[in-house]
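The following note sets out points for a colleague's consideration, in numbered order. Please read them alongside the sequence and coordinates shown here.

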Amino acid sequence: MKNSIFGGLILILLGLYLIISNIIDFNLNWNYIWPGILLILGFRFEYLYFKYKKNPGGLVPGSILITIGIIFYLSAFLGYESMEYLWPGFILAPAIGLLQMSIVTKKIKEYLFPIIFLSGLSIIFFLEELVKINIWNYIIGLLFIGIGTNILIKRSDHDE
């Protein structure tokens with residue numbers, strides 16, 4: 001019952017805003033409103049889990065929606081050109097959700113690889129955007145050096 005009241009009130013308020021903004025000069029920028037909807041939905045997933053301690057899988061979409069809502073709020077306040085630097089957060093969002101779920105279910109080892117992979121990828125892209133250096137050249141270069149060194153060491157061990 002409370003869920004339908006809350007949802008109904010939100011829809012009524014949004015409808016009133018849309019109508020009133022056309023009649024009088026009452027204009028809230030939609031760019032500041034819609035990320036809040038993502039945050040509300042995300043916190044709703046979180047709230048349902050922590051209240052009832054059921055369905056820990058709901059923490060993943062909750063964390064994703066919260067992270068994406070924060071990214072869009074930042075870009076709304078900083079200007080949408082800031083998305084050039086913020087977009088790696090979209091890769092980080094599922095990692096945060098998986099991390100949260102793995103902590104509450106105590107199954108960290110099962111989710112460790114995707115968490116590290118997505119987090120690492122996101123950090124690499126964040127650094128690449130902030131520093132404006134093609135980090136991939138360094139990573140692939142170091143990878144090739146490591147593989148080449150490994151081949152030479154194995155070859156020298158094989159020759160002896």
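1. Contacts of S102. In this predicted model, S102 is in contact with K107, I108, Y111 and I115, once its neighbours within four places in sequence are set aside. The residue itself belongs to helix α5, which covers residues 89–105.

2. Environment of S102. The relative accessible area of S102 is 0%; because buried means under 20%, S102 is classed as buried. Its side chain also reaches a backbone atom, namely the oxygen of L99, at 2.9 Å.

3. Aromatic pairs. Searching the whole structure yields six aromatic pairs. One of them joins W34 and F72, whose ring centres are 4.6 Å apart; the planes meet at 55°, so the pair is tilted. W34 is located in helix α2 (residues 30–52) and F72 in helix α3 (residues 59–78), and the pair therefore ties together parts that are 38 residues apart in sequence.

4. The second ring of F72. F72 also pairs with F90, again in a tilted arrangement, with 5.5 Å from centre to centre and 50° between the planes. Since F72 lies in helix α3 and F90 in helix α5, this pair ties together parts that are 18 residues apart in sequence. Ring pairs thus link W34, F72 and F90 into a cluster.

5. Accessibility within the cluster. Which of these rings belong to buried residues, and which to partly exposed ones? F72 is buried, at a relative accessible area of 17%. W34, by contrast, is partly exposed at 25%, and F90 is likewise partly exposed, with 30% relative accessibility. The assignment for F72 follows because the limit for buried is under 20%.

6. Geometry of helix α3. Does the end-to-end distance of α3 agree or disagree with its residue count? With 20 residues at 1.5 Å a residue, α3 should span 28 Å, and the C-alpha atoms at its ends are 28 Å apart, so the two agree. Just after this helix, G79 adopts a positive phi of about 100°.

7. Packing of helix α3. The buried residues of α3 include L59, V60, G62, S63, I66 and T67, together with F72 of the aromatic cluster. Further along the helix, S75 and A76 are also among them. The buried residues of α3 pack against α2, α4 (83–86) and α5. The ring pairs of F72 involve two of these partners, through W34 in α2 and F90 in α5.

How values were computed: Residues are numbered from 1 along each chain as its sequence is written. This is a predicted model: local features need pLDDT of at least 70, side-chain atom pairs count only at pLDDT 80 or more; totals for chains, interfaces and linings use all residues. Side-chain values use heavy atoms; hydrogens and water are left out. Helices (H or I, at least four residues) and strands (E, at least two) are DSSP runs, numbered from the N terminus. Buried means under 20% relative accessible area, exposed over 50%, partly exposed in between (1.4 Å probe, protein chains only). A polar contact is a pair of N or O atoms within 3.5 Å; within protein, one must be able to donate a hydrogen and the other to accept it, and residues adjacent in sequence count only if both atoms are side-chain atoms. Contact means heavy atoms within 4.5 Å. Rings of Phe, Tyr and Trp (its six-membered ring) pair if their centres lie within 6.5 Å; planes under 30 degrees apart count as stacked, over 60 as edge-to-face and the rest as tilted. The expected span of a helix is 1.5 Å times one less than its number of residues.
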